[in-house]
Amino acid sequence: MAAVVGLAVLLVLGAGEWATQSELDNQWDNLRRSGEVQALALRGVATRYSYLPFTAAQQPLIAELLHNPGAQPLRSAANAYLQTINANAGSDTLYVMNTDGLTVASSNWDTPTSFVNQNYGNRPYFRDALQGQPGRFYGVGKTTGEPGLFASAPVVENGRVIGVVAVKVWMQPIVDTWAQLRDPVFVTDERGIVFLGSVLPWLYQTTRPLPEQDVQQVQFDEQYGARWTPQPVPWKTLQRDGQPGTEILVPGTGKRYLALEERLPDLGWTLTLTADSKAIALARQQAWALASLASGLLVLGALYWQLRERRLQENRQARIELEQRVQERTHALQQAQAFRQSMEDSLLVGMRARDLEGRIVYVNAAMCDMVGYSADELIGCLPPYPYWHPDDLDRHWNDSDTALAGKAAPQGNENRLRHRNGSDVYTMFYTARLIDGNGQHIGWMSSVVDITAQKRAEEQQQQREAQLQRVQRVITVGEMASTLAHELNQPLAALVNYAAAARSLATQGKTELLNDSLTALSSQALRAADIVGRIRRWVRQHPEAREPCDLNAAVDQSLGLLLRAEARRHGVAVRLDLAHGPLRVNADRVLLEQVVLNLGLNALQAMQAMRADATPPEAHELLLRTTADTRFACLEVLDRGPGLPPEIAKRLFEPFFTTRSDGLGLGLNICRSIVESMGGELLARNRDGGGAVFEIRLPRIFLSPP
Amino acid sequence: MTDSHPTTPVAVNTTVSANVYVVDDDEGVRNSLAALLLAGGHAPRTFASGPEFLARADLAHPGCVLLDLRMDGMSGLQVFDALRERNAVLKTVFLSAHGELASAVTAVKQGAVDWLEKPCDEQTLLAAVLRAANLSLEDAQRAQRRNTLRERWNTLSPRQQEVARLLATGISSKEVARALAQRDPERPIDPRTVDTHRSAIFLKLDIRSSHELGMLVEDLGLAENTLRTL
């Protein structure tokens, strides 16, 4: 950075220097060109009239006048002549002097500042001309006090100088043109005295020290006025190497100028043109400014570049780190993936993921084994899936739709699947939402547990239970044998009566009554058959079939089966308090009746024990009450027996626990398992006022929305 | 038992027929019994329950009721008890199922005419019904005769009743007079007066001998026991 700043500083300085040099060169060039022009102009002005004295000197009238200076007509003629020529040439004054330097005729003879009779013998141009040389001299007029250029020529007659003709040229016009220039211009004579220039105060000051004789000479010549004394110019001159000119420093104003000298050797003059070095400073400053700007930009650029580099470096570093991290992460992921793969492969639980439409997106090995299809065959499948059991399609559709609707039962769904080899697979499906890394719900993940073995065991258990239940039913019928006999006896007795009546009526020839009797006889025979049929159906082994049943109807059926007859045999009245309307529960009809019948029978037997006591007759009543709340249908079997002492209540539902000498002790135990298998419960408690209450509670089902 | 008093002068309306009732809560059994009885020449009335029967049957009229032992609500035995409480002349034949022997025996001990086990033989049934009906009729006749005698007895003056009760014990007029004097010394009675009373008594009671008087007094339950002990 320091290098950049250094470079920038160098650049600024260099630019300044370069700009200075360039501007300097430019200025010098300008000065040179300008100097050439001004020198040409100056020389033009200075030499334009030098022919005029010479020409006038050739005029015989002049020679004649010089010969006869007192001749007035000659003098007048000469004056007129000079005046005419002077006017035509445009010079200032044209005049003739005799060899003494006395003016004998002049173009301004008629002006107050007439040169006539003035002596200019001390003037160098006179002396030069007197020597036969053309003279040239710049000085302040002795008569007029006005500066001018004096040029002279001798009037030669027969090889001898008889007089001098001189012209004074007014230099002011060129000075005026200089004044229009911006910077000072001045001309010095061979002694270094400024005699022409755009800056008036500098006039007649010396640019270099004058030797004493020169001072005396100038004073003698009255070149710059009678009162001239040498006085140095107020500036200092600096000469620089490699510069075509000098530099001028004006202390009072603080101004600096470039100064270029253009020598006019034929005139002995030196023209000095100046240019304000402010332009150079300005150029330098501009260059500096520009360069500073550029440097600033450069520095900024450098800074930017540096920042950019640093950032790039950082980025590069970050990228490297990122790559490293990605690599580590990838490795970790691979590890996790391998771990997961091993886990999935080792799982005995099948896993199946589905998207929101139910398309299978993933299955694990266990799932494939379970159904006999490869992952490739399963992935992409939409319901119905190939492993759905053809006999359970409705149920599969229902479960699938429920799961996709997010309403899968948290305790899982049991499904029967069909293995590719045709065997049945019993499974439990547990479904949960599948959430991706962004927390987006993208589908459903199900775990699938093969419960076939468990199912088989359950089936066997169920079969055993069913057998036990059947045995219990047979036993129950056995316990009610005398009631059954009575129930059968009634229609048989009626049948016998009708038969006897019929015989008698036939003898008597009462055909109409005979007919009636025979009809009644048939119905009694059917009634007996019906009782036998009902008992047979009841004790028969049958596959458990759950269906919606009415609890009230089960009570009626049980009563109709044997319970009412049994109660009658016990001398116990049966009172019903049934809920209004059907109470639908999902149950096996026969098993439900078995429970009701057993509970009723137990109640009757409990009351049997109380028969001996002198209880009021209304106490001998079996009350069957059904009630319902929003979720459960209840049946209460209420007796007025001895109730349930704590030690009995505790063991009530134990298998083989009985208080009766002839009981097997299976009734309540089986009742409870039946009720529980239907998703309900069997409760026992003491009844207010004596006796016991057995209550079954079964979940209600509603065929149509309630 | 009509033969035990063949010479009774009391008029009995033998043309009155016995009513037959069937009480059984089993409709089949009830109707079949009714059919059988109808074919046997009876005109049975049937009831499905004891209370219904007790409320609507004519309990004072002689007849027979076939009563099922085992019924919902009021059992056969309870109906039977109710009939006895009300002094019904109806005779009861119980119908029982197999195995209810004990109850049946109890019932018969308490005065039921018979018990039949279902299903039962037509002849047995009809015989039992007939027997019960006749018994009921006899009971009714006996009751009627006793009512007549009671009315006649009530026409006797208290002294005559006193004399009659003593004469019924088989003692002579003298002994009667002495007994009366002994019972009430302030009112001595002459044996001839006793004879006069005796004639009036025989006339009013429509009897001819002291033996008859004795039986009548016995029937009315007015026997003079105290004297025997003396």
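Mentor: A helix here is a DSSP run of H or I with at least four residues, numbered from the N terminus. The model is predicted. Keep both points in mind.

Trainee: Which residue follows helix 7 of chain A, and what is the sign of its phi?

Mentor: A:Glu222 comes after helix 7 of chain A. Its phi is positive, near 50°.

Trainee: What makes residues of helix 7 of chain A count as buried, and which ones are they?

Mentor: Buried means under 20% relative accessible area. In helix 7 of chain A, residues 212-221, that applies to A:Val215, A:Val218 and A:Asp221.

Trainee: How do you know where these buried residues lie around the axis?

Mentor: Look at the arc. They cover only 135° around the axis, so they sit on the same side of helix 7 of chain A. There is a general point behind this. An α-helix has 3.6 residues a turn, so residues three or four places apart point the same way.

Trainee: What is on the other side of helix 7 of chain A, and what covers the buried residues?

Mentor: A:Glu212 and A:Gln213 are exposed on the other side. Exposed needs over 50%. The cover over the buried residues includes helix 5 (124-130) of chain A.

Trainee: Now chain B. Which residues of helix 9 are buried?

Mentor: Helix 9 of chain B spans residues 210-220. Its buried residues are B:Leu213, B:Gly214, B:Leu216, B:Val217 and B:Leu220. Their arc around the axis is only 165°, which puts them on the same side of helix 9 of chain B.

Trainee: What do these buried residues pack against, and what does the opposite face carry?

Mentor: They pack against helix 5 (122-154), helix 6 (158-167) and helix 8 (191-205) of chain B. The face turned away carries the exposed residues B:His211 and B:Glu218. Just after helix 9 of chain B, B:Gly221 takes a positive phi of about 75°.

Trainee: Why are helix 7 and helix 8 of chain B called roughly perpendicular?

Mentor: Start with the angle. The axes of helix 7 (residues 173-183) and helix 8 of chain B cross at roughly 110°. Angles of 65 to 115 degrees count as roughly perpendicular. The two helices of chain B therefore earn that name. Their axes come within 8 Å, and the crossing is right-handed.

Trainee: Which residues meet where helix 7 and helix 8 of chain B cross?

Mentor: Helix 7 of chain B brings B:Ser173, B:Lys174, B:Val176 and B:Ala177. Helix 8 of chain B brings B:Pro191, B:Val194, B:Asp195 and B:Arg198.

Trainee: At what angle, and with which hand, do helix 3 and helix 4 of chain A cross?

Mentor: Helix 3 (residues 60-67) and helix 4 (residues 72-89) of chain A cross at roughly 145°, with axes that come within 9 Å. The crossing is left-handed. A:Leu61 and A:Leu65 are among the residues of helix 3 that take part, and A:Leu74 and A:Tyr81 are among those of helix 4.

Trainee: Is A:Asp399 buried or exposed, and how do you know?

Mentor: Its relative accessible area is 12%. The cut-off for buried is under 20%. A:Asp399 is therefore buried. A:Asp399 belongs to helix 11 (residues 393-404) of chain A. Leaving aside neighbours within four places in sequence, A:Asp399 contacts A:Asn413, A:Glu414 and A:Asn415.

Trainee: What makes A:Thr144 count as it does for accessibility?

Mentor: A:Thr144 has 26% relative accessibility. Buried stops at 20% and exposed starts over 50%. The value falls in between, so A:Thr144 is partly exposed. A:Thr144 is in the loop between strand 3 (135-140) and strand 4 (147-157) of chain A.

Trainee: What does A:Thr144 touch, beyond residues up to four places away in sequence?

Mentor: A:Thr113, A:Phe115 and A:Lys168. Take A:Ser114 as well: A:Thr144 and A:Ser114 are 30 residues apart in sequence, yet 8.6 Å apart in space, C-alpha to C-alpha.

Trainee: How many helices and strands does each chain have?

Mentor: Chain A comes to 18 helices and 23 strands. Chain B has 10 helices and five strands. Of the 706 residues in chain A, 44% are buried. Of the 230 in chain B, 43% are.

Methods. Residues are numbered from 1 along each chain as its sequence is written. Chains are lettered from A and ligands numbered from 1 in the order in which they are written. This is a predicted model: local features need pLDDT of at least 70, side-chain atom pairs count only at pLDDT 80 or more; totals for chains, interfaces and linings use all residues. Side-chain values use heavy atoms; hydrogens and water are left out. Buried means under 20% relative accessible area, exposed over 50%, partly exposed in between (1.4 Å probe, protein chains only). The arc is that of the directions from the helix axis to the C-beta atoms. Contact means heavy atoms within 4.5 Å. Axes are lines fitted to C-alpha atoms, for helices over the stretch in contact, and angles run from 0 to 180 degrees between N-to-C directions. Angles under 35 degrees count as roughly parallel, over 145 as roughly antiparallel, 65 to 115 as roughly perpendicular and the rest as oblique. A crossing is left-handed if the near helix is turned anticlockwise from the far one by less than a right angle, and right-handed if clockwise.
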